[in-house]
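User: Hi! I have a protein model open and would love some help reading it. Can we go through it together?

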Amino acid sequence: MKIKQHGLISNFIYAWKMSIKGGKGVLVATLFIGIFQAMNALVWVYAPKWIVSFVEKHYSVTKFVWFTVLVCAVLFISNALNRYGYTKLDYEFVKTNAFLERLRMRKMFKTDFKNMENPDFLDFGQKAKNALYQGNGFHGVLYESHNIISNSIIIIFSSVMIGIRNIWVLIAILFMAIIVGYILGWFGKRDKIKFQDVMAPTNRKLNYLERTSKNFDFAKDIRLFNMSGVFKREFAVLNNFFFKKNRQHHNRWIIGALCMESVLLSETLVMYGWLVWSVLKGEMAISDLLLFIGLVNSLHRNIGFMSWIYSAVKTNTLMINDYREFVNWKEDSESFAEGEGVEKNLDFDSYEFKFENVSFKYPGHDNYVLKNINLTIKNDSKLAVVGINGAGKTTLIKLIMKLYNPTEGRILLNGRDLRDFDRDEYFKLFSPVFQNIECFALPIFENVSFEVEEETDMDKVTSALDRSGLLEKIDMYDAGIRVNLLKIFDEKGIDLSGGEKQKLALARALYKDAPIVILDEPTAALDALAEDRMYREFNNMVKNKIAIFISHRLGSTRFCDQIAMFKEGEIVELGTHSELLEKNGEYAEMFNVQSSYYKDEEVISHG
């Protein structure tokens, strides 16, 4: 994935723009700390000169005491305000970080579906996440900004004072400071590429293992199949790689530190050589010598510190660059670009889909999953899509729901290419019931409506749960439809069985009441009675709607107007149930095999 590289200053400004959008508190706290931190440091630089000056000028003890009290009061107030600023900064950054995370998550939720199966994109998302960790990325840049302010004030002041005395010494010091900055910048950039970028896939895998190991849905399999050894092995491989790269990371910075310290040593020799020479020539009083020792030490220390800050900021702005490019990533789908150039009005009186020579292969794969599909799905029709696993049935559904775009050919809705329609508005056309159903750690009613309570029709939720067959269980709980699923946020939360989850999925589809119903193996986890009830509900549910039904159980396809038999990504047969039986082809063979199985099962059940 090609990522545009913005400059350090551009990313630095971007960090502050985003921070101000999240709230101006970080900016106020940063200025506050920077100014009082510099003032505090300069007071300590001047304190020795003032003390010796009292002795040189024979001031009274009373004046000395009052002066000492004044300096202590200034330092006390400065330190107190500085500490308040740090507390304020930490508090305000929490809000800034929450704002930045919302933008990152919005991208994850809104990105093209294909990106969620793309390891490169997922690694890109992990890099963006790295920019939000404490001490990294945004936090690193915003936190170091107050040090930049205070150090800049001290460096400018010290440089001016030294430059007034000897401009050549100042030029030599600044020249060596530039060299130090270049050294640290070079090592910082190299370390970002060689360590942080290389570690992004490893961090993503470690996060997956960590999430899976504590995920309740996987807990039974992990224990019953004794998968702890597998997890330990994978953790060991990833940790060994991490330790190897981490060792290289530290060795790299040891070399960088040695290079920097050698230049700083030369800088120290120049500064102290000048001071010793000035005293020997009688150009400085003792009090001035103490002042310039403080200024030289301060300049030396803050130039070294500023070099480290520059290196840290440069590394952190590279992380910010990843975040910036991630949240602003231009999607392949035109509909993501704020709806520009796409049709948002999809409130048609009727709907007709037409596949024209559609072929598809997943990104990064050479083999076609679907090949030259030509199919028309007319308004109010019921289509059954059948075939063995891997025949391309679910992929067809992904295409018609615009989760993917065809690799070749096109899909039309009422004569217009699906690419012409706004994606979010297009999604509203579908009420899907998938085989794999996800439950969210939310109340039951939100798991049905996916809306907050104020925007949810509670009566409609209750009706949908009743029609799906799940209300009887939900009514067992005092909280009713407000009972929470899972125990992640509520220790009294409930879990659902596989069959109950499929009933929940049906309730979602009934509540949404969209004009096109997608049924992907919706009864796989149900018993015979629940399956019969759900099929009867399907018949009511899909009246005056387009219904696309995927099932391995061919007996359930009889109510469909059309059946498409898929094999190896192609439609090998198309017609009604009776037509395909008369044809005595692939569909008839599969139906007869299943029919004999059910007959055998019936004989066994009757003894």
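User: Which residues in helix 1 meet which residues in helix 5?
Analyst: Phe12, Tyr14, Ala15, Trp16, Met18 and Ser19 in helix 1 meet Phe138, Val141, Leu142, Ser145 and Ile148 in helix 5. Contact means heavy atoms within 4.5 Å, and helices are DSSP runs of H or I with at least four residues, numbered from the N terminus, while strands are runs of E with at least two. The residues of this contact divide into nine nonpolar, two polar and no charged (Ala, Val, Leu, Ile, Met, Phe, Trp, Tyr, Cys and Pro count as nonpolar, Asp, Glu, Lys and Arg as charged, and the others, Gly among them, as polar).

User: Anything I should know about the model itself?
Analyst: This is a predicted model, where local features need pLDDT of at least 70 and side-chain atom pairs count only at pLDDT 80 or more, while totals for chains, interfaces and linings use all residues. Residues are numbered from 1 along each chain as its sequence is written, and side-chain values use heavy atoms, with hydrogens and water left out.

User: Back to those helices: at what angle do the axes of helix 1 and helix 5 cross?
Analyst: The axes cross at roughly 100° and come within 10 Å. They are lines fitted to C-alpha atoms, for helices over the stretch in contact, and angles run from 0 to 180 degrees between N-to-C directions. The two helices are therefore roughly perpendicular, a label for angles of 65 to 115 degrees.

User: And which residues of helix 1 are buried?
Analyst: Asn11, Tyr14, Ala15, Trp16, Met18 and Ser19 are buried, meaning under 20% relative accessible area with a 1.4 Å probe, protein chains only. Just after helix 1, glycine 23 takes a positive phi of about 140°.

User: New topic: in what order do the strands of the open sheet come?
Analyst: The order of its six strands is 6-7-8-3-9-10, with mixed pairing. Strand 6 and strand 10 stand at the edges with a single partner strand each, so one side of each has no neighbour in the sheet. Two strands pair if DSSP finds at least two bridges between them.

User: How many bridges join strand 3 to strand 8?
Analyst: Four, and these strands run parallel. Valine 385 stands opposite isoleucine 550 in strand 8.

User: What about strands 9 and 10, parallel or antiparallel?
Analyst: Strand 9 and strand 10 are antiparallel, over five bridges. Methionine 565 has glutamate 573 in strand 10 as its bridge partner. Their hairpin has two residues between the strands, and glutamate 568 takes a positive phi near 50° there.

Conventions. Buried < 20%, exposed > 50% of the residue type's maximum accessible area, 1.4 Å probe, protein only. Parallel < 35°, antiparallel > 145°, perpendicular 65-115°, else oblique.
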